[in-house]
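Please explain how the parts of this structure meet one another, taking the two protein chains before the DNA.

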Number of protein chains: 2
Amino acid sequence: MERQTKQRHAIEAAIREGGRPLLPAELVTLAQETVPGINIATVYRCVKALAEEGVIRAVELPGEPARYERADLHHHHHFRCDECERVFDVPGCRGGVESNVPDGFSVRAHEVVLFGRCAECERPSRKRTRSATTARRSSR
Amino acid sequence: MERQTKQRHAIEAAIREGGRPLLPAELVTLAQETVPGINIATVYRCVKALAEEGVIRAVELPGEPARYERADLHHHHHFRCDECERVFDVPGCRGGVESNVPDGFSVRAHEVVLFGRCAECERPSRKRTRSATTARRSSR
DNA sequence: ATAGGTGCAAACAGTTTGCATGTAT
DNA sequence: ATACATGCAAACTGTTTGCACCTAT
């Protein structure tokens with residue numbers, strides 16, 4: 001069983017209170033407010049352990065590093081804004097996605113990711129630019 | 001406009017005749033049958049150019065490197081086998097996936113990925129193991 | 001002839017790991 | 001006390017880039 005360390009608490013807290021899936025890099029930044037010296041390797045190790053315990057869950061979007069969110073959320077999908085690159089939760093799931101699989105295939109799970117512009121970025125007046133934490137990734 | 005080189009032809013041919021989305025590493029292997037000395041950097045450069053021309057398309061699955069397939073296919077989704085790790089095309093799209101987005105959000109595109117076991121791996125008798133080209137990745 | 005493509009090696013980003021040290025139990 | 005977590009640096013994987021050379025035009 002796992003030890004209660006301040007690093008681990010800081011990471012858990014960041015994910016629990018994040019409100020949206022967070023990147024490992026964002027987690028270091030957030031956790032450093034509580035544990036200044038925290039290392040990225042620790043974040044990766046904790047995040048892996050927490051995911052195996054079922055406390056958090058990896059949100060893996062096509063072509064991007066995994067983000068992490070709390071696992072106690074109902075089944076939902078994700079929306080990635082083309083502009084600010086943030087990822088949002090999209091509640092619910094209409095089902096029916098699993099039809100059309102070829103004969104003999106069995107479906108265990110599915111992932112749906114929507115791409116577009118979020119409400120803030122859609123509205124020209126109150127335009128929001130990429131946050132500092134995600135701007136680095138835009139060079140891709 | 002682009003030059004016709006044997007490297008480029010080999011890569012285009014591999015994707016055109018692949019029948020399923022292929023990884024850059026698989027493309028080097030395939031293209032080497034025609035152009036022995038072909039380099040991975042060339043594959044990445046060609047693949048990027050071909051994608052920009054609209055000849056091929058990137059298929060990006062959550063948590064995995066991009067695969068590439070010909071662009072002249074109708075809209076479809078993908079199925080990844082847990083066992084053999086191959087990716088298959090799933091024809092059609094029932095729609096309705098875009099509902100539930102929060103107010104003010106506009107959807108530009110969507111991706112659906114199904115996970116499970118393909119027909120071959122589902123059938124115990126004719127079990128298929130991971131191919132040599134994908135086995136490396138299983139350590140993840 | 002020359003613009004553009006290729007191979008090679010080095011650079012990068014994200015992630016993982018070995019090891020000595022620190023700390024929760 | 002000691003087993004496990006952390007920090008640091010090094011290793012690793014996938015991808016990109018600088019540069020000298022090669023080749024389709």
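The paragraphs below turn to the protein interface and then to one DNA strand.

This is a predicted model, and a good place to begin is the interface of its chains A and B, where 34 residues of chain A are in contact with 34 residues of chain B. The area buried between these two chains is about 2900 Å², of which carbon and sulfur atoms give 61%. Strand E4 (87–91), strand E5 (106–117) and helix H4 (119–122) of chain A each supply at least two residues of the side that touches chain B, and E5(A) gives the most, with 12 residues. By residue type, that side of chain A consists of 17 nonpolar, 8 polar and 9 charged residues.

Strand E5 of chain A also pairs with strand E5 (residues 106–117) of chain B, in the antiparallel sense and over 11 bridges; within this pairing, A:Glu111 has B:Val113 as its bridge partner.

DNA strand D is surrounded by 21 residues, of which the closest are A:Arg3, A:Thr5, A:Thr42, A:Arg45 and B:Tyr44. Of the atoms of DNA strand D that come within 4 Å of the protein, sugar and phosphate account for 66%. A polar backbone atom of A:Asn39 is 3.2 Å from a phosphate oxygen of this strand, and a polar backbone atom of B:Gln4 is 3.4 Å from a phosphate oxygen, whereas an N or O atom in the side chain of B:Arg3 is 2.9 Å from a base oxygen. The largest share of the surface near DNA strand D, 4 residues, comes from H3(A), and the residues of that surface divide into 8 nonpolar, 6 polar and 7 charged.

Note on methods:
Residues are numbered from 1 along each chain as its sequence is written. Chains are lettered from A and ligands numbered from 1 in the order in which they are written. This is a predicted model: local features need pLDDT of at least 70, side-chain atom pairs count only at pLDDT 80 or more; totals for chains, interfaces and linings use all residues. Side-chain values use heavy atoms; hydrogens and water are left out. Contact means heavy atoms within 4.5 Å. Buried area is the accessible area (1.4 Å probe) that two parts lose on being put together, summed over both. Ala, Val, Leu, Ile, Met, Phe, Trp, Tyr, Cys and Pro count as nonpolar, Asp, Glu, Lys and Arg as charged, and the others, Gly among them, as polar. Two strands pair if DSSP finds at least two bridges between them. A residue is near a molecule or strand if one of its heavy atoms lies within 4 Å of it. A polar contact is a pair of N or O atoms within 3.5 Å; within protein, one must be able to donate a hydrogen and the other to accept it, and residues adjacent in sequence count only if both atoms are side-chain atoms.
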